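Open your viewer and get ready to click along. Each stop below gives you something to select and tells you what is there.

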Amino acid sequence: MRLCLVPMSLAAAFAMPSTLAAQTAQPGGAGQGNPAGTPAGTHEAAPGVPAPRQLNQADRNFLQAAVVGGAANVEFAQLADRTSGNTGVKQFAERTLREHQGPSKRIAILARNAGLPPVQGLDADRKATYDRLSKLQGAAFDRAYIDSQITDQQLMAQLLAYVIGSGQDRELKDLATELLPTTLDHLQAAQAILGTLDSTAAK
Amino acid sequence: MLRHLAMVLAIPLTCSWMALCLAQTLPPDATYRPLPSASLAEVKAADEAQKAEVMRLQRALLEERLDFSDRAIPGTTMSGRRKAVQGGVRVKLPQGTTWESLANLAPDEIRDRGLLPAGFMPLPHVKQATGGQVFPNNQIDEIGRQEQRNLRRFDVDFDLPDHLTPEFPPPIFLTSHPELGDVSRAQLLTIKNYYHLMVGFLTPVQLEGLRLLLTPFPQEEFNQTEDRKSADQSLGVTCLDCHANFHTNAAFHQTPDVRPQAARFRLDTVSLRGVFNQQIHGSKRSLRSIEDFSQFEQRTAYFNGDHMSAQRKGVNLPDRFDQVPMMAQMQNIIDFPPAPKLLPTGRLDPSKASQQELAGEQVFLGKGECAGCHIPQTSFLDNTMHDLHLERFYKIGQTVNGLVMLPDGPIKTFTLRGIKDSPPYMHDGRLLTLADTVEFFNLVLRLKLTQQEKESLVAYMLAL
């Protein structure tokens, strides 16, 4: 397990509480994890409590997908902000830019702290979608962009719930519990905008 | 765009973990249960170390939401006369509110101001991340005494106080012998005593069905593999370990029908009384026959709807043409408890019911809108699933003790016959008393019932 590969200033900003007291969960949070998902040999802060930044496979799966998805969201939003003439769509893109950049950076730092290799660019699916969106204009663009955002928010909502239940890193799970309501709110906002768009626009 | 393409092309093709996340696909273990990563000894040690904190968290959550005091309704017992029925509203109000003030607010306002009483919200499993069947101590102790079979988990305990669960053991009423009344002899049916207790009362087919329903088979947390939560290599569980004496002992589980794990809502065990009149089965699955239910519970209640895990741990596959019908026929002769104030139509007999009960029936049929789903003439069932859209009243996506609060979606209508015997209430057992259910529906359906109407409704349901 590679630990703490970031500069101390960043590490301090997103530090995992290291004391057992700070690890104690509250009823409002993610609760205790299932030790059956804890890899053999995981360091413990106390009996039954994984030490900070001791990730299991679900934590890693989440970080990998979330880093890619978060960065893509920002990139798509920038494209929409430049391309769309629809007020609702532009406002949605601006909201995405405003609200996603912070969490995306936090997730990227957690991924780096966990020793995951850096991710650059879009994944294959999103790259194909981005290329298609780049060729569209007007109502067709708006529809395709919002469709892509609905899919992304659906995936992210499931992914957050997945790591809340199956992850073991307290900091990561706390971040996921913080982000899930907002993600669902974004999804509902995108679905509401979809209802206002021209249903005959190209999909 | 060119810069963007250059960035993509710069990704090393040999970076194997990238290949895993390139597609917009969720991780497979969001659906399929992964095998444990560590040895049973390590998992057990960690689970045992966590247990005090797990129970503390759940206790804190429950006490924040609910009043667990022992307040029996004077002169009212469950059908076996072995336990008092608890009364009063037990859901705690948010500070500064009353039931009347909440009832006057629109759902949006309650949601935006965070005023929905927390006790009305979905109830987490005692350990949401792990889930699985959790049995009350009375069931654990009696099965241990009779069968020397261990139903105790090393990671969690049952989380509700005994006075707020059904009487134990519950009485048994047979449609084939209404004249006999309770035939349980105040004993819990087990594989050790069923023949002695039931031969002569049942047909050979029913008796064989009963045997199968009392035969333990491996289950997700109780099996012989390293992936279990019993200290010993378990003999497994039986259908009637939860549906004690064909009723319920308030054992709980999680819905097998939802993924990922954090979104699986808690399921309180449903009574099998009157299942002969029920056309859909499973809170969420809407299975169309008791045969389907009996067959597929071997992979749902037992294995979380994961046939892969079931296959590995030793699934029981009852023969559809021979064994399943016997299990079904046994369940189909389990009657509701007697309700001497009810006419064959399901309506109250005015010559026997009190004025308060009759007033409650009028609220039930009219202003309370209860009979829209709980139809008296059809055992208070409508054989339909309904979505109350409770999420109108709270912000979705909050996580409470590991449970992600999402809309429950459609849930089947449960019978109200014998309902005083079946606490806790709602599909997840979030409500402790009938008075709680009245306040819940008063708010959710925006009924604006008076205090007198609420009390009469409770009196009416106690007579069912």
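The tour goes from the contact between chains to a cavity, and then to single residues.

**Before you start.** This is a predicted model, in which local features need pLDDT of at least 70 and side-chain atom pairs count only at pLDDT 80 or more, while totals for chains, interfaces and linings use all residues. Residues are numbered from 1 along each chain as its sequence is written, chains are lettered from A and ligands numbered from 1 in the order in which they are written, and side-chain values use heavy atoms, with hydrogens and water left out.

**Stop 1: the two chains.** Colour chain A and chain B separately, then select the residues in contact (heavy atoms within 4.5 Å). You should pick up 51 residues from chain B and 56 residues from chain A. The size of an interface is often given as the accessible area lost when the parts come together. Here the buried area (accessible area, 1.4 Å probe, lost on putting two parts together and summed over both) is about 4300 Å², and carbon and sulfur atoms give 63% of that.

How many salt bridges (a side-chain nitrogen of Lys or Arg within 4 Å of a carboxyl oxygen of Asp or Glu) are there between chain B and chain A? The count is zero.

Next, select α1 (2-9), α2 (16-21), α3 (40-65) and β6 (399-400) of chain B, each of which supplies at least two residues to the side that touches chain A. These names come from DSSP runs, numbered from the N terminus: helices are H or I with at least four residues, strands are E with at least two. Helix α3(B) gives the most, with 12 residues. By class, this side of chain B has 32 nonpolar, 10 polar and nine charged residues. Here Ala, Val, Leu, Ile, Met, Phe, Trp, Tyr, Cys and Pro count as nonpolar, Asp, Glu, Lys and Arg as charged, and the others, Gly among them, as polar.

**Stop 2: the largest cavity.** Select H243(B), T269(B), F293(B), E297(B) and A301(B), which lie nearest the centre of the largest cavity among its 32 lining residues. A cavity is a set of points on a 1 Å grid over the protein atoms alone where a 1.4 Å probe fits but cannot get out, and lining residues have an atom within 4 Å of a point. The volume of the largest cavity is about 440 Å³; volume is the space filled by probe spheres set on the points, with points joined across faces, edges and corners. Its lining divides into 15 nonpolar, 13 polar and four charged residues.

**Stop 3: a salt bridge.** Show the side chains of K51(B) and D157(B), which meet in a salt bridge (3.1 Å, N to O). K51(B) is in helix α3 and D157(B) in the loop between α6 (137-147) and α7 (194-198), 106 residues apart.

**Stop 4: backbone oddities.** Most residues other than glycine have a negative phi, and most peptide bonds are trans. Zoom to R259(B) and P260(B), joined by a cis peptide bond with omega about 0°. Another cis bond joins P423(B) and P424(B), with omega about -5°. Finish at R185(B), where phi is near 55°, a positive value.

Notes:
1 Å grid on protein atoms, 1.4 Å probe; cavity = no way out; pocket = protein on both sides within 12 Å on 5 of 7 lines; lining within 4 Å.
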